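User: Please go through the ligand site and the main pocket of this model.

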Amino acid sequence: MAFDIRKIRADFPILSQEVNGKPLVYFDNAATTQKPLAVIDAEAGVYKTINSNIHRGVHHLSNVCTEAFEDARKKVAGFINADSSDEIIFTRGTTESVNLLSFSFGETFLKEGDEVILTEMEHHSNIVPWQLLAQRRGVAIKVVPVTDNGELDMQVFGELLNEKTRLVAVAHISNVMGTINPVEEIIALAHAADVPVMIDGAQAIHHLPVDVQKLNSDFYVFSGHKMYAPTGVGVLYGKRKWLEMMKPYQGGGEMIDKVSFSGTTFNDLPYKFEAGTPNYAGVIGLGAAIDYLQEQGLEEIWAYEHELFEYAKEKMQTVPGMRFVGQTANHTSVISFLLGHSHPFDVGTLLDKLGFALRTGHHCAQPLMDRFQISGTVRASFAFYNTKEEVDRLVEALLRVGSMLS
Ligand code: 7TS
């Protein structure tokens, strides 16, 4: 299928508007992506036609809504090639998935003196839940450093792995630099030491093929809203053997088998981890996002994004004073930069006046900012509805902003 960018952009009504009197250029896709009509209509369609609480009813609407919800679970399982849809736990997003894992895995397997390995480039949501666990259970956190060019120091990773390590939790792609981490190698090394691995796929799930069985990752987490689906829905994939052993996270309806005051037994997977009424409209929207991506052609999307990213890197490099933060060969979708000695906030504010949506600041990765001794960056992040013309406009705008601020 030919990649028809005009047709694709027509699927995203939000893109065709003006901001500050200029056509909007949306380059904040790492924060959240825009939604195609197919997703908006699917979510609205739930409320228009089948809204009913799931799993509990004998009546028609409840059954139809439950079927649509479970159908979306199968689509997610297929999308990441999970062995079974029982291994797909729906959450509110990556953050809740990490909190679930740190709590349930921690309460089940970790004790004082055990170690968890993280990296210096993690998003706060893959740091703070582990720190809370560390405080609760006396667990130590070890951190893989980042090299000057923005890669993980794999030698130190090898040295940190030891008989006290219980889990490695690492981003697939850095939300600041776009570095694609060598997750296959990390998983192989960790498994050789009998240590399971959680991959934070928030920035990867929509930019790369993710096959959890091929990766052999024990856990893989991501958010719907970063992959063109509604906000408020996310996924924790876990291998059945771990999920079955893990204690529940939240208690409530749906996650139980039998409740009595003399003792409660829990439901089977995946429901054991899905207490309460879930965001079924969002989950059904996530299923629609997967359908939409597959209809456009994943290979075509990834090839287009790659070309756009390479184009942006090359063009942006020509702007005087341009300094990229993180320069690895193996990176994608995100470019963090500083412009001369200008404050990122000033650059972002002036770009906003020209119609550009870019993010500035620490990007919820303060340890990484400390590593590079900077307070923040300006970040451009791309999606398949962006165009080379938009990149050209950004470069022109950066030339203007650069001369205004110098
Ligand atoms: N992990 C990574 C790598 C992320 O980029 C983010 C969000 C999260 C976890 C948390 O995801 P959430 O959906 O639960 O919030 N990253 C960003 C960002 O870079 N700008 O805004 C949100």
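**Ligand site and largest pocket**

Analyst: Of the 14 residues around the ligand (a heavy atom within 4 Å of it), those that come nearest are Thr-95, Asp-200, Ser-223, His-225 and Arg-379. This is a predicted model, in which local features need pLDDT of at least 70, side-chain atom pairs count only at pLDDT 80 or more, and totals for chains, interfaces and linings use all residues. Residues are numbered from 1 along each chain as its sequence is written, and side-chain values use heavy atoms, with hydrogens and water left out.

User: Which residue has a polar side-chain atom 3.4 Å from a nitrogen atom of the ligand?

Analyst: A polar contact here is a pair of N or O atoms within 3.5 Å. Thr-95 places a polar side-chain atom 2.5 Å from a ligand oxygen atom. For the ligand nitrogen atom at 3.4 Å, the residue is His-123.

User: How much of the ligand's accessible area does the protein cover?

Analyst: Accessible areas come from the Shrake-Rupley method with a 1.4 Å probe. On its own the ligand has 490 Å² of such area. The covered share is 87%.

User: How many charged residues are in the lining of the largest pocket?

Analyst: A pocket is an open set of 1 Å grid points where a 1.4 Å probe fits, with protein on both sides within 12 Å along at least five of seven lines; lining residues have an atom within 4 Å of a point. The lining has 28 residues, with Lys-226 among those nearest the centre. Asp, Glu, Lys and Arg count as charged. Beside 7 nonpolar and 14 polar residues, the charged ones number 7.

How values were computed. Polar contact = N/O pair within 3.5 Å; in protein donor to acceptor, adjacent residues only side chain to side chain.
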